[in-house]
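Biologist: Please take one charged pair as a starting point, look at it closely, and then follow its surroundings outward step by step. I would like a reading that a first-year student can check against the picture.

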Amino acid sequence: ELTIVELLLLVSVVAMFARWIRIPYTVVLVLVGLLLSFTDPFHLELTPEIILLIILPPLVFEAALHIEVKVFRKVIGPVLLMAVPGVLIVCFIVGGILNLVSNELMWQTALIFGALIAATDPVAVVSLFKTLGAPKRLATLVESESIFNDGTTIVIFNIMVGVLFVSSAGGHGGAGIVDGDVVDFLGRSVFEFLRVALGGVAVGVAIGIVGDRIFSMIDDHLIEVTVSTVIAYGSYVLAESFHLSGVLAVVMAGIIVGMRSSGTMSPTTRMVLINFWEYVAFLANSIVFILIGMEVQFSSLVSGIFLIFIAVGAVLLARAVSVYAVNCVA
């Protein structure tokens, strides 16, 4: 209990300091976490369960709530192009560059890293947009693409891990990588990607519609906030239980709730709902970024500094190529 209190106090102080020096608080949190990694005062481990089951759903749901459907309809083409083909472009460019530069990384491992790094996090960018007064359409485009490519990235990551498994199995006992098996697996993966993605969307739409009906029947801000929490976590858990995309389920449920809430909720309830999820998202973002910094081993950071700079350059190049390529198509 004391550890949680200390962590929340640290997050508050760092956020205030970041606001004072006008730097995105997520950047400062990672740096503070890196400093804390030398002493490890909190003894908290950043496990996949914490990220996927606790932190990810509220972050995605809160972002989806703020999407303005009228603006979103105008940018849905570029959003989907950047969230699917754009992510694939980044994945393969980053993976290819790292595989060429490093003799230690197999092509499968390099592509897995490319899949991991392909998704964008718009927290710092959106805060800069607000400061500069950027057009609403641009902000919606960035935010929408970021939440959709989360789902794409997770699906692609799982496919790449499967490719690595098939390749390793083919190479067992000195047989080498069986190219036919890998190609066959990639073929099946296209169908699996569509099944997982579209299935997740369907689950999110269904839960969002049911939630909207519940909101229309009650007028109690505490109950409605609780129902929204059930929608956020329930859509993720239900989709994942059927091996579908939980992230895309949360995205669609959040968009429907955000789109319909002005008609099914009182202004007071909607304000409470938005404020609640903004706080939860701030808390989740703060905890995950400071824990990311604490998970970094400084010795490994120093020893791999050359490859890190190569990876950063590869990501920037790949992102630029994907954005310009998508804009040409759109």
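Modeller: In this predicted model, a good place to begin is Arg260, which forms a salt bridge with Asp212, the closest N and O atoms being 3.3 Å apart. Arg260 belongs to helix α11 (residues 246–264) and Asp212 to helix α9 (residues 179–217), so the pair ties together parts that are 48 residues apart in sequence. The partners can be read by their accessibility: Arg260 has a relative accessible area of 42% and therefore counts as partly exposed, while Asp212, at 10%, falls under the 20% cut-off and therefore counts as buried. As background, side chains of opposite charge can pair when their charged atoms come close.

A search of the whole structure finds two salt bridges, and the one between Arg319 and Glu145 brings the closest N and O atoms to 2.8 Å apart. Since Arg319 sits in helix α14 and Glu145 in helix α8 (residues 136–170), this pair ties together parts that are 174 residues apart in sequence. Arg319 is partly exposed at 21% relative accessibility, whereas Glu145, at 1%, is buried.

Helix α14 itself deserves a moment. It has 25 residues (305–329), and at 1.5 Å a residue it should span 36 Å, which agrees with the 36 Å between its end C-alpha atoms. Along α14, the residues Ala311, Ala314, Ala318, Ser322 and Val326 are buried, and the buried residues of this helix pack against α4 (69–83), α5 (85–101) and α6 (107–117).

Returning to α11, where Arg260 was found, we can now look at the nonpolar surroundings. The largest nonpolar core holds 41 residues, and those that touch the most other members are Phe61, Phe148, Ile231, Ile255 and Val257. Two or more residues of this core are given by each of α3, α4, α8, α9, α10 (221–241), α11 and α12 (267–295), and the largest share, nine residues, comes from α11. To see what one of these core residues meets, take Phe148: leaving aside neighbours within four places in sequence, Phe148 is in contact with Phe72, Val79, Ala83, Leu248, Val251, Met252 and Ile255. Apart from this core lies another, of 16 residues, with Val14, Tyr25, Leu29 and Leu291 among them.

Phe61, another residue named in the largest core, leads us to helix α3. The 18 residues of α3 (48–65) should span 26 Å at 1.5 Å a residue, and the end C-alpha atoms are 25 Å apart, which agrees. Even so, α3 bends by about 45° at Leu56, and a proline, Pro57, follows within four residues. The buried residues of α3 include Leu56, Pro57, Phe61 and Glu62. Glu62 may surprise a reader who expects a charged residue to be outside, but its relative accessibility is 15%, which is under the 20% cut-off and therefore counts as buried. Not counting residues up to four places away in sequence, Glu62 touches Trp277, Glu278 and Ala281.

Trp277, one of the contacts of Glu62, takes us on to the aromatic rings. In general, a pair of aromatic rings is described by the distance of the centres and the angle of the planes. The model has three aromatic pairs. In one of them, Phe17 and Trp20 are tilted, with 6.0 Å centre to centre and 50° between the planes. Being three residues apart in helix α1 (residues 2–21), Phe17 and Trp20 are separated by about one helical turn; Phe17 is partly exposed at 41%, and Trp20 is exposed at 68%. Phe276 and Trp277, by contrast, form a pair that is edge-to-face, with 5.2 Å centre to centre and 80° between the planes. Phe276 is partly exposed, with a relative accessible area of 30%, and Trp277 is buried, at 1%. Ring pairs link Phe61, Phe276 and Trp277 into a cluster.

The walk thus joins up: Phe61 appears in the largest nonpolar core and again in the aromatic cluster, and α11, which carries Arg260 of the opening salt bridge, gives that core its largest share.

Terms used: Residues are numbered from 1 along each chain as its sequence is written. This is a predicted model: local features need pLDDT of at least 70, side-chain atom pairs count only at pLDDT 80 or more; totals for chains, interfaces and linings use all residues. Side-chain values use heavy atoms; hydrogens and water are left out. The expected span of a helix is 1.5 Å times one less than its number of residues. Buried means under 20% relative accessible area, exposed over 50%, partly exposed in between (1.4 Å probe, protein chains only). Contact means heavy atoms within 4.5 Å. The bend at a residue is the angle between axes fitted to the seven residues ending there and the seven starting there. A salt bridge is a side-chain nitrogen of Lys or Arg within 4 Å of a carboxyl oxygen of Asp or Glu. Rings of Phe, Tyr and Trp (its six-membered ring) pair if their centres lie within 6.5 Å; planes under 30 degrees apart count as stacked, over 60 as edge-to-face and the rest as tilted. A nonpolar core is a set of buried Ala, Val, Leu, Ile, Met, Phe, Trp, Tyr and Cys residues joined through side-chain atoms within 4.5 Å.
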